[in-house]
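I'm opening a fresh page for a structure I haven't looked at before. Let me put it up first and then write down what I look up.

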Amino acid sequence: REIKRIILTASGGAFYGKKTEDLKNITPEQALKNPNWDMGAKVTVDSSTLVNKGLEMIEAKWLFDIEIEKIKVVVHRQSILHSAVEFTDNAVIAQLGAPDMRLPIQYALTYPKRTPIRDNELDLCACANLTFEEPDKETFYALKLAERAGREGGTLAAVFNGADEAAVELFLKGRLSYPGITEAIAYAMDSHRNIRKPSLDEIYQADREARECVLRKFADA
């Protein structure tokens, strides 16, 4: 009851500042160049479409039992502040660190203990100005689709994720355009009959159907 909202930060990915018209001829090689993070291919593409932040919103909703409307994404190009919690008295407590995936991976393995890591110190005096801005949800509307999946619940989040995985794989193989990734997610979600209180089997089925839906409609599109 003391939490006002959770704040998640996004680097903005490789195509920060671009508009829909600029994205039509994007290649996999271009999408795999994240400005701050060294990650795997799938996550790097998801970072550029903002799907990764959408998934983090859905994760936070379930992990912390909080409404999707209380989870806010902001673009933070420097990737120094990684997340924050705003409380009802408007105090904000943030987690900062160098943009280094070793830290969250190690902490997940050693939690609740913290152990040393070499060469990832954060020197606040050496940091450039930290900036924050609203994401462009019209160009990168996968974030709006994630908000819908988080708000409606049920099997829709599984469809969002499954459709994205299938679409990114097609894109990386040169069989789907870059804008087609988000188009495929939207199509799969619109084609799905949401099950509000699904069984585990129904969640798996929703995932399979989303992937098949994308492959049928969008392969080589």
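My entries below go from the sheet to the helices, then to the loops and the cysteines.

**Entry 1: what I'm looking at**

I'm working from a predicted model, so I keep that in mind throughout.

**Entry 2: the sheet**

I started with the strands. In what order do the strands of the open sheet lie? I found 4 strands in the order β2-β1-β3-β4, and the pairing is mixed. A reminder to myself: strands of a sheet pair through backbone hydrogen bonds, in either a parallel or an antiparallel way.

Next I asked which strands stand at the edges. They are β2 and β4; each has a single partner strand, so one side of each has no neighbour in the sheet. I also noted the twist, which averages 20 degrees from one strand to the next.

**Entry 3: pair by pair**

I went through the pairs one at a time. Strand β1 covers residues 3–10 and runs parallel to β2, with 5 bridges joining them. One place to find this pairing is Thr-9, which sits opposite Val-74 of β2.

With β3 (residues 81–87), β1 runs antiparallel, and 5 bridges join these two. Here I picked out Arg-5, which stands opposite Glu-86 in β3. Glu-86 turned up again when I moved on: its bridge partner in β4 is Val-92. The β3 and β4 pair is antiparallel, over 5 bridges.

**Entry 4: what covers the edge strand**

Is β2 mostly covered or mostly open? It is mostly covered: of the 5 residues in 71–75, 4 are buried. I then looked for a helix over this part of the sheet and found α3, which lies across β1 and β2 and runs at about 155 degrees to β2.

**Entry 5: helix α2 and its surroundings**

I moved to α2. Which of its residues are buried? I listed Thr-44, Val-45, Asp-46, Ser-47, Ser-48 and Thr-49. The cover over these buried residues includes α1 (28–31), α3 (51–63), α5 (142–152), α6 and α7 (178–191). Just after α2 comes Leu-50, and its phi is positive, near 70 degrees.

**Entry 6: α2 against α6**

Two packed helices are described by the angle between their axes and the distance between the axes. So I looked up both values. The axes of α2 (residues 41–49) and α6 (residues 156–172) come within 10 Å and cross at roughly 100 degrees. That makes α2 roughly perpendicular to α6.

Which residues meet there? From α2 I have Ala-41, Lys-42, Val-45 and Asp-46, and from α6 Asp-164, Glu-165, Val-168, Phe-171 and Leu-172. Sorted by kind, the residues of this contact are 5 nonpolar, no polar and 4 charged. Val-45 and Asp-46 were also among the buried residues of α2 that I wrote down earlier.

**Entry 7: odd spots in the backbone**

I checked the loops for unusual backbone. Ser-79 has a positive phi of about 55 degrees, although it is not a glycine. Its loop runs between β2 and β3. Is Ser-79 buried or exposed? It counts as buried, at 4% relative accessibility.

Asn-90 is another non-glycine residue with a positive phi, about 75 degrees in its case. I located Asn-90 in the loop between β3 and β4 (92–96). Asn-90 is partly exposed, and its relative accessible area is 46%.

Where is the cis peptide bond? It joins Tyr-111 and Pro-112, with omega about 5 degrees. Pro-112 belongs to the loop between α4 (102–110) and α5.

**Entry 8: the cysteines**

How many disulfides does the structure hold? I found 0. A disulfide is a covalent bond between the sulfur atoms of two cysteines. For Cys-127, the nearest cysteine sulfur is that of Cys-125, 8.6 Å away, and Cys-127 is in no disulfide. A pair counts only within 2.5 Å. Cys-127 is partly exposed, with a relative accessible area of 24%.

My last stop was Cys-213, in helix α8 (residues 200–218). Cys-213 is buried, at 8% relative accessible area. Leaving out residues up to four places away in sequence, Cys-213 touches Tyr-187, Ala-188 and Ser-191. I also looked up how Cys-213 stands to Thr-49: they are 164 residues apart in sequence, and their C-alpha atoms are 20 Å apart in space.

Conventions
Residues numbered from 1 in each chain as written. Predicted model: local features only at pLDDT ≥ 70, side-chain atom pairs only at ≥ 80, totals over all residues. Heavy atoms only, no water. Buried < 20%, exposed > 50% of the residue type's maximum accessible area, 1.4 Å probe, protein only. Pairing = 2+ DSSP bridges. Contact = heavy atoms within 4.5 Å. Axes fitted to C-alpha atoms, helices over the stretch in contact; angles between N-to-C directions. Parallel < 35°, antiparallel > 145°, perpendicular 65-115°, else oblique. Nonpolar A, V, L, I, M, F, W, Y, C, P; charged D, E, K, R; others polar.
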